[in-house]
Amino acid sequence: MPQIAVINESTAIADADVQKMLPAFAQQWNKDLAPVWGVDPANFTFIPKNQMPAAGSWWLVFFDNSDQAGALAYHDLTNDGLPISKVFVKTLQADHASVSVGATHELCEMAVDPWLNGAYQDAKGVFWAGEVCDPVESDQYDYKIGEVLVTDFITPNWYAPEHAGKNIDFKNHARKAFDVLAGGYAQKFDPRKGWVQVTGSMALHFQRSHAAPGSRRERRTRLSEGLQRSDIKRG
């Protein structure tokens, strides 16, 4: 069972406001996402300042400003090889984006693809990255748990045209497998072309849909370059 340590290093959001999100994080992971994707249930614990998370914890960290140009949030691995999601509060606010949606976007993707190596092959031999929130990313597709706004996410049916059921995404916005909605995007690996991005018509105008230089999404397209792990230090 993953133990998710929630850490607030941001000056733009109060600890109390982060703590209010935790029940929604847990409910989405354990009641919405887990039955669909078969992920293990998780516990969420807020870690006060000047305390370190328990060894082996996965981390969700709120920072002020992005450490990758153009990235509002992303998930990666720490120097210990454990999953970490980073959420950049001031960067999200400047983009008029929801902090809780940014956090749950990364949490859902971290749950389904914690080691950042998941991909699914379609009938034509093309592999699609296991980023389960990107194809349905947009404010209009989000939903509330209590008073907390959270992200929509795709189901395994999104990757399976031959066996696709009715629910392509959790909130039933998508209509068919591999359907990238207007505000969303997805990455696929074509053996003839390498990694390419499919971008929804509305998302073309959003900075967040473009892979930021140095981000994991952008580095995926440069197969010769090794991915470097990410870490933080608590002072």
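**Exercise 1. A pair within helix 1**

Which side chains meet in a salt bridge with an N to O distance of 4.0 Å? Describe where the two partners lie and how accessible each of them is.

*Solution.* The model is a predicted one, and the distance of 4.0 Å from N to O belongs to the side chains of Lys20 and Asp17. The next step is to place the partners: Lys20 and Asp17 are both part of helix 1, and a separation of three residues puts them about one turn of the helix apart. The last step concerns accessibility, where Lys20 is exposed, with a relative accessibility of 61%, while Asp17 is partly exposed at 35%.

**Exercise 2. Salt bridges that link separate parts of the chain**

How many salt bridges does the structure hold? Take the pairs formed by Asp15 and by Asp64, and establish which parts of the chain each pair links.

*Solution.* The structure holds six salt bridges. In one of them the side chain of Asp15 meets that of Lys49 at 3.1 Å, N to O; Asp15 sits in helix 1, whereas Lys49 belongs to the loop between strand 2 (43-47) and strand 3 (58-63), so that this pair links distant parts of the chain, 34 residues apart. Both partners are partly exposed, Asp15 with a relative accessible area of 25% and Lys49 with a relative accessibility of 42%.

For Asp64, the partner is Lys90, and the distance from N to O is 3.9 Å. Because Asp64 is in the loop between strand 3 and strand 4 (73-77) and Lys90 is in helix 2 (residues 89-94), the pair ties together parts that lie 26 residues apart in sequence. Here Asp64 is buried, with a relative accessible area of 15%, and Lys90 is partly exposed, with 35%.

**Exercise 3. An acidic residue without a salt bridge**

Is Asp32 buried or exposed? Identify the nearest side chain of opposite charge and the residues that Asp32 touches.

*Solution.* Asp32, which is placed in helix 1, is buried and has no salt bridge. The nearest side chain of opposite charge is that of Lys171, at 7.4 Å, and this is to be set against the cut-off of 4 Å for a salt bridge. Once residues up to four places away in sequence are left out, Asp32 touches Gln27, Tyr143, Ile145, Phe153 and Phe170.

**Exercise 4. The packing of helix 1 and helix 3**

At what angle do the axes of helix 1 and helix 3 cross? Add the handedness of the crossing and the make-up of the contact.

*Solution.* Two packed helices are described by the angle and the distance between their axes. The axes of helix 1 (residues 15-37) and helix 3 (residues 99-112) cross at roughly 40° and come within 11 Å, and the crossing is right-handed. Among the residues that make the contact are Phe25, Trp29 and Leu33 of helix 1 and Ala103, Leu107 and Val112 of helix 3. Sorted by class, the contact has 12 nonpolar and three polar residues, and no charged ones.

**Exercise 5. Val126 and its surroundings**

Where in the chain is Val126 placed? Determine its burial and its contacts.

*Solution.* Val126 is in the loop between strand 6 (119-121) and strand 7 (127-129), and with a relative accessible area of 9% Val126 is buried. Neighbours within four places in sequence aside, Val126 is in contact with Tyr120, Gln121, Lys188, Phe189 and Asp190. Pro191, although 65 residues away in sequence, has its C-alpha 7.0 Å from that of Val126.

Methods. Residues are numbered from 1 along each chain as its sequence is written. This is a predicted model: local features need pLDDT of at least 70, side-chain atom pairs count only at pLDDT 80 or more; totals for chains, interfaces and linings use all residues. Side-chain values use heavy atoms; hydrogens and water are left out. Axes are lines fitted to C-alpha atoms, for helices over the stretch in contact, and angles run from 0 to 180 degrees between N-to-C directions. Helices (H or I, at least four residues) and strands (E, at least two) are DSSP runs, numbered from the N terminus. A crossing is left-handed if the near helix is turned anticlockwise from the far one by less than a right angle, and right-handed if clockwise. Contact means heavy atoms within 4.5 Å. Ala, Val, Leu, Ile, Met, Phe, Trp, Tyr, Cys and Pro count as nonpolar, Asp, Glu, Lys and Arg as charged, and the others, Gly among them, as polar. Buried means under 20% relative accessible area, exposed over 50%, partly exposed in between (1.4 Å probe, protein chains only). Lys and Arg count as positive and Asp and Glu as negative; His and the chain ends are not counted.
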